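Trainee: I have a new model open and I'm not sure how to read it. Could you walk me through it?

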Amino acid sequence: MVLCELCVLMETEMMLKIPKMILIDVDGTLVDSVPDLAYCVDEMMRRLGRPVHGEDKVRNWVGNGVERLVRRALVGQLEGEPSDEDFARAYPMFLELYAENTSRRSCLYPGVREGLDYMKSRGYLLGCVTNKASQFTIPLLKDLGIHDEFGIVVSGDTLTVKKPDPQPLLHAAAHFGVEPTESMMLGDSKSDVTAARAAGFQIVCMSYGYNHGEDIRNYAPDAVIDSMAELAALI
């Protein structure tokens with residue numbers, strides 16, 4: 001890293017306030033869930049009699065909930081809409097597959113366990129805010145042994161809106177009785193940055209997450225880290 005880049009990084013880190021509450025995204029932040037999602041997408045495509053996409057392509061489609069993922073798989077790209085008939089046939093098929101394959105291939109990212117242990121040791125209030133539906137979120141967190149780390153889990157169907165709307169973040173803050181100015185979001189995508197900014201939260205992003213192939217630094221989070229274990233150097 002050149003000297004000027006190091007200075008910018010240090011300046012960014014020094015601007016962070018110590019929060020009372022930290023909310024954490026699931027897919028692309030805590031969990032690499034793409035292997036299971038890609039398996040379900042490809043099995044769905046096989047059952048529909050269509051070519052499979054493969055894990056690399058699916059990785060760039062994840063991050064806005066499984067309904068959006070199915071729509072992207074059906075049209076074979078990030079943008080666009082399938083026919084209502086195609087979606088009505090495919091979506092229940094995907095839900096059935098994913099219910100049976102929520103955590104068989106998924107795993108915590110390196111550094112997540114260390115990061116959670118550090119946050120607990122410092123007494124931070126921890127919550128989970130994700131766009132994944134609760135029927136998948138809760139089993140996934142339980143299967144990976146981290147469900148009980150969180151005082152609240154806000155899933156994609158907990159409220160009538162989800163990220164990038166700020167309400168899921170504000171809902172969690174209200175649950176803990178914490179002000180947005182005392183709050184931080186850990187995420188990996190533009191959606192997380194947008195929601196955090198609108199809610200008045202600080203936002204720290206993971207460099208490795210699901211942001212449709214874009215560098216998350218393009219959206220100017222307060223800091224970007226390569227591992228959740230690096231939080232100890234930030235807060």
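We'll go through the sheet, one of its strands, a helix and the nonpolar cores.

Mentor: Before we start, keep in mind that this is a predicted model.

Trainee: Let's begin with the sheet. In what order do its six strands come?

Mentor: With a sheet, go across it from one side to the other. Here the order is β5-β4-β1-β6-β7-β8, the pairing is parallel, and the sheet is open.

Trainee: Which strands stand at the edges?

Mentor: Those are β5 (152-154) and β8 (223-225). Each has a single partner strand, so one side of each is left without a neighbour in the sheet. There's some turn between strands too: neighbours are rotated by 25° against each other on average, ignoring direction.

Trainee: Now I'd like to look at β6. How many bridges join it to β1?

Mentor: For a strand inside the order, check both flanks. On one flank, four bridges join β1 (residues 21-24) to β6 (residues 183-187), and the two run parallel. Leu23 is opposite Met185, and Ile24 is opposite Leu186. On the other flank, β6 and β7 also run parallel, joined by four bridges. There, Leu186 has Val204 of β7 as its bridge partner.

Trainee: Is β6 enclosed or open to the outside?

Mentor: Count the buried residues. Five of the five in β6 are buried, so the strand is largely enclosed by the rest of the structure. Ser183, Met185 and Gly187 point one way, while Met184 and Leu186 point the other way. As for a helix here, α9 (residues 190-199) lies across β6 and β7 (202-206), and runs at about 170° to β7.

Trainee: Next, helix α4. How many of its ten residues are buried?

Mentor: Eight of the ten, so to speak of α4 (residues 66-75) as mostly covered is fair. The buried ones include Val66, Leu69 and Arg71. They pack against α2 (34-47), α3 (55-59), α5 (84-100) and α7 (134-143). After the helix comes Gly76, with a positive phi near 75°.

Trainee: An arginine on that list surprises me. Why does Arg71 count as buried?

Mentor: Look at the accessibility rather than the residue type. Arg71 has 16% relative accessibility, and buried means under 20%. Leaving out residues up to four places away in sequence, Arg71 touches Glu81, Pro82 and Phe87.

Trainee: And at what angle do α2 and α4 pack?

Mentor: For a helix pair, take the angle and the distance between axes together. The angle is about 50° and the axes are 11 Å apart. The two helices are therefore oblique to each other, and the crossing is right-handed. At the contact, Leu37, Val41, Met44 and Met45 of α2 meet Val66, Leu69, Val70, Ala73 and Leu74 of α4.

Trainee: Last topic, the cores. Which residues touch the most other members of the largest nonpolar core?

Mentor: The general idea first: in soluble globular proteins, nonpolar side chains tend to be buried together. In this model, the largest nonpolar core has 55 residues, and Leu30, Met44, Phe94 and Met119 touch the most other members. Helix α2 gives the most to this core, with seven residues. Apart from it lies another core, of 19 residues, including Ile152, Ala195, Ala199 and Ile216.

Trainee: What is Leu30 in contact with, beyond its neighbours within four places in sequence?

Mentor: Its contacts include Ile24, Cys107, Leu116, Phe150 and Met228. Ile24 is the residue we met opposite Leu186 in β6.

Conventions: Residues numbered from 1 in each chain as written. Predicted model: local features only at pLDDT ≥ 70, side-chain atom pairs only at ≥ 80, totals over all residues. Heavy atoms only, no water. Buried < 20%, exposed > 50% of the residue type's maximum accessible area, 1.4 Å probe, protein only. Contact = heavy atoms within 4.5 Å. Core = buried A, V, L, I, M, F, W, Y, C linked by side-chain atoms within 4.5 Å. Pairing = 2+ DSSP bridges. Axes fitted to C-alpha atoms, helices over the stretch in contact; angles between N-to-C directions. Parallel < 35°, antiparallel > 145°, perpendicular 65-115°, else oblique. Left-handed = near helix turned anticlockwise from the far one by under 90°.
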